[in-house]
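I opened this model to look up two things: what surrounds the ligand, and how the sheets are put together. Notes follow in the order I checked them.

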Amino acid sequence: MKAPPFRYARPRTLDAALKLLADEGDGARLLAGGQSLVPALNMRLLEPALLIDINGLSELSGIAEIAGGICVGALTRHAALGASAIVARRAPLLTAAVPFIAHEAIRNRGTFGGSLAQADPAAELPACVVALDAQLEIAGPRGRRRVAARDFFKGVYETALAHDEILVAAEIPAQRGATLFLELARRQGDYAIAGLAGWAAVQQDRIAEARLVFFGTDIRAVEAKAASVALATSLDAAVAALDSDLTPVADLNASAAMKRHLAGALLRRACAAALTRAA
Ligand SMILES: Cc1cc2nc3c(=O)[nH]c(=O)nc-3n(C[C@H](O)[C@H](O)[C@H](O)COP(=O)(O)OP(=O)(O)OC[C@H]3O[C@@H](n4cnc5c(N)ncnc54)[C@H](O)[C@@H]3O)c2cc1C
């Protein structure tokens, strides 16, 4: 199928893009990499009156090292994120996750901000920014505001963004432990059936501290706080604690019970790998 008719604008500044959004009301959509939006248009799942192409907004581009971490612009392509030496040094969880996002052609166009704004519950980057405790910077008609990544994702394709706001960047504190990243998908490049993103600090052959975020299981990326605490007792206790952390939802790939089982298996594998690497 082909996309329904729409008007197209390519503003040069963030202020001009915000004005277009405010003037059009919720009939407008931002176009970043187009890797989720264009298929949705072609399938006629969306019929926006106006597409606002934000690819010319230089304010949204770039990766920079800042005090205590990094700042990643919303328009950063997945491929650039994966290839960045700054990201590899300060937030290696992102470097580990990028190769699991779709395929090379999609990674060359798809953007960091587009993935966060799309909020697919099975996507890798939302889970990573929650695990890394990122702060998301949002611009809107009332000025700028910051939202913690853990409060940004509300549900399936649902975020804290209002229709007249633009995600500008994420400030990401330097990662505190060794990377934990694993996902199960039907084929390389597919969205995850279940995935785990996080980090673990290993001391004297045990995991002293960890941040565990599961994706593909629930309606959004979920931090498994009880399991992180229970890791201090045992891995079995941590896997059991996932019962209180997760509310798995069945999809075309797996039942809720299967997703719960896979989350436990991922946790066991990720912790074993972290301990082996540290030994
Ligand atoms: C075949 C295929 C396989 C894929 N597999 C995966 C996968 O395994 N894992 C994965 O994570 N993703 C996957 N994707 C999606 C891909 O990662 C997209 O790049 C991403 O979801 C959206 O980024 P985008 O820049 O293309 O956004 P777009 O498609 O341009 O926009 C997506 C949505 O976000 C909004 N938006 C975009 N930028 C902003 C912003 N700065 N502020 C506010 N709103 C904004 C748009 O208005 C739109 O509603 C796949 C896509 C395809 C086509």
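Entry 1, ligand shell. The model is a predicted one. I listed the residues around the ligand and got 30, the closest being L30, G34, Q35, L37 and T111. Sorted by class, the shell has 16 nonpolar, eleven polar and three charged residues.

Entry 2, origin of the shell. I asked which elements supply at least two residues each, and found β2 (28–31), α7 (112–118) and β10 (166–173). Helix α7 gives the most, with four residues.

Entry 3, polar atoms at the ligand. I looked up three short distances. One ligand oxygen lies 2.8 Å from an N or O atom in the side chain of S36. For L37 the partner is a polar backbone atom, 2.7 Å from an oxygen of the ligand. A ligand nitrogen is 2.8 Å from a side-chain N or O atom of E124. How much of the ligand does the protein bury? Taken alone the ligand exposes 970 Å², and 88% of that is buried by the protein.

Entry 4, three-stranded sheet. I turned to the sheet that includes β2, an open one with parallel pairing and the order β1-β3-β2. Its edge strands, each paired on one side only, are β1 (7–9) and β2. Neighbouring strands are turned by 25° against each other on average, with direction ignored. I then checked β1 against β3 (residues 50–53): the two run parallel and are joined by three bridges. In this pair A9 stands opposite I52 of β3. Helix α1 (residues 14–24) lies across β1, β2 and β3, and runs at about 165° to β3.

Entry 5, four-stranded sheet. The other sheet I looked up is also open, but antiparallel, in the order β11-β12-β13-β14. The strands that pair on one side only are β11 (178–184) and β14 (222–223), at the edges. I counted seven bridges in the antiparallel pairing of β11 with β12 (residues 194–203). F181 stands opposite A197 of β12.

Entry 6, helices on that sheet. Which strands does α8 touch? Helix α8 (residues 124–131) packs on the sheet against β11, β12 and β13 (206–215), and its direction makes about 145° with that of β13. Helix α12 (residues 256–278) also packs there, touching β11, β12 and β13; I noted about 145° between its direction and that of β11.

Entry 7, cross-references. β2 appears twice in my notes: as an edge strand of the parallel sheet and as a supplier of shell residues.

Conventions: Residues numbered from 1 in each chain as written. Predicted model: local features only at pLDDT ≥ 70, side-chain atom pairs only at ≥ 80, totals over all residues. Heavy atoms only, no water. Pairing = 2+ DSSP bridges. Contact = heavy atoms within 4.5 Å. Axes fitted to C-alpha atoms, helices over the stretch in contact; angles between N-to-C directions. Near = heavy atom within 4 Å. Polar contact = N/O pair within 3.5 Å; in protein donor to acceptor, adjacent residues only side chain to side chain. Areas by Shrake-Rupley, 256 points an atom, 1.4 Å probe, with all protein chains shown as cover. Nonpolar A, V, L, I, M, F, W, Y, C, P; charged D, E, K, R; others polar.
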